Amino acid sequence: MIHISETLAIQTVEDFLGGDETARLVKIMDTEATGWRPRRQAEILPAPALAQEILSVATVRALPAIRRVMPSVAAFAPWGYTEMTAGQCVPSHVDGITSPRTAPRRIGRLRVVIAEADEGGRLYMETTADPAPWTTTVLGVSDGYVPGTPLARSLPHEMAEDPHAAEDQWLAATVRTRWLADAGRGVAVAYGAQLIHGVTPVVRGRLRLLVTDLTDAPVS
């Protein structure tokens, strides 16, 4: 059963990608994503097959470490690629569990940077005691969760052309504590689906990263 702590957890895998693997991914994306730039912040481009192969091997290798804090993770979705340049950021948001009663359910996300920005572009997490991030829905055993598991809000992707353009009003009014992640190139960060997070503005250079969902069942 899924536990609330899994959906709020953070776990790093420092040796997720070796230097050769990271270099290969950069070369693949240089070739396959030539001329591609996100039309909006945090837009995801499906990673090509060669990149998926490298990342799948790395993810399977990292699952034992990830499962120490997210034991319900059984699979992962196809990887996607994005990048950010000067002035771009990802405002604070919550990915959420969009299908809480239907498998595969998103337990968390996994991301890895293959090229750091020269300045800025840092991942951060935010915590708060404010009840605003939470809905009134409580999940239980029949839903596949530990009894009394609360359900957080989800970023309303379907309700905005660019859901990452700015913080939702309810979140902007919430007092939070920010935690910056100092995870560099090749270090994977797994974070719970109900954890508030974002990326600080890129000041100089280009941030390049790949991301996937961590789920409780295989993604078809």
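**Figure 1. A cavity inside the predicted model.** A search through the whole of this predicted structure turns up 1 cavity of 30 Å³ or more. The space in this largest cavity comes to about 30 Å³. Which residues line the largest cavity? Its lining is made of Ser-92, His-93, Val-94, Ser-154, Leu-155, Asp-168, Trp-170 and Leu-171. Two elements, strand E5 (90-93) and helix H3 (169-172), each give two or more residues to this lining. Sorted by class, the lining residues are 4 nonpolar, 3 polar and 1 charged.

**Figure 2. The second largest pocket.** Here we turn to a pocket with a volume of about 190 Å³, the second largest. Look along the chain for the residues that line this pocket: Arg-111, Val-113, Glu-116, Ala-117, Gly-120, Gly-121, Arg-122, Leu-123, Ala-181, Asp-182, Ala-183 and Leu-207. How many residues of each class does the lining have? It has 6 nonpolar, 2 polar and 4 charged residues.

**Figure 3. The aromatic pair of Phe-16 and Trp-79.** The structure holds 2 aromatic pairs, and this view shows the one formed by Phe-16 and Trp-79. A pair of aromatic rings is described by the distance of the centres and the angle of the planes. For Phe-16 and Trp-79, the centres are 6.0 Å apart and the planes meet at 40 degrees, so the pair counts as tilted, the class that is neither under 30 nor over 60 degrees. Where in the chain do Phe-16 and Trp-79 lie? Phe-16 is in the loop between strand E1 (10-13) and helix H1 (19-32), while Trp-79 is in the loop between strand E3 (75-76) and strand E4 (80-85). The pair thus links distant parts of the chain, 63 residues apart. Both Phe-16 and Trp-79 are buried.

**Figure 4. The aromatic pair of Trp-36 and Tyr-81.** Trp-36 and Tyr-81 also form a tilted pair, with 5.9 Å from centre to centre and 55 degrees between the planes. Distant parts of the chain are linked here too: Trp-36 lies in the loop between H1 and strand E2 (45-46), and Tyr-81 lies in strand E4, 45 residues apart. Why does Trp-36 count as buried? Its relative accessibility is 17%, and buried means under 20%. Tyr-81 is buried as well, because its relative accessible area is 0%.

**Figure 5. A charge over a ring.** In this last view, find Arg-178 and Tyr-124. The charged end of Arg-178 sits over the ring of Tyr-124, and 3.6 Å separates that end from the ring centre.

Methods
Residues numbered from 1 in each chain as written. Predicted model: local features only at pLDDT ≥ 70, side-chain atom pairs only at ≥ 80, totals over all residues. Heavy atoms only, no water. 1 Å grid on protein atoms, 1.4 Å probe; cavity = no way out; pocket = protein on both sides within 12 Å on 5 of 7 lines; lining within 4 Å. Points joined across faces, edges and corners; volume = space filled by probe spheres on them. Helix = DSSP H or I, 4+ residues; strand = E, 2+ residues; numbered from the N terminus. Nonpolar A, V, L, I, M, F, W, Y, C, P; charged D, E, K, R; others polar. Phe/Tyr/Trp six-rings, centres within 6.5 Å; stacked < 30°, edge-to-face > 60°. Buried < 20%, exposed > 50% of the residue type's maximum accessible area, 1.4 Å probe, protein only. Lys NZ or Arg CZ within 6 Å of the ring centre and 35° of its normal.
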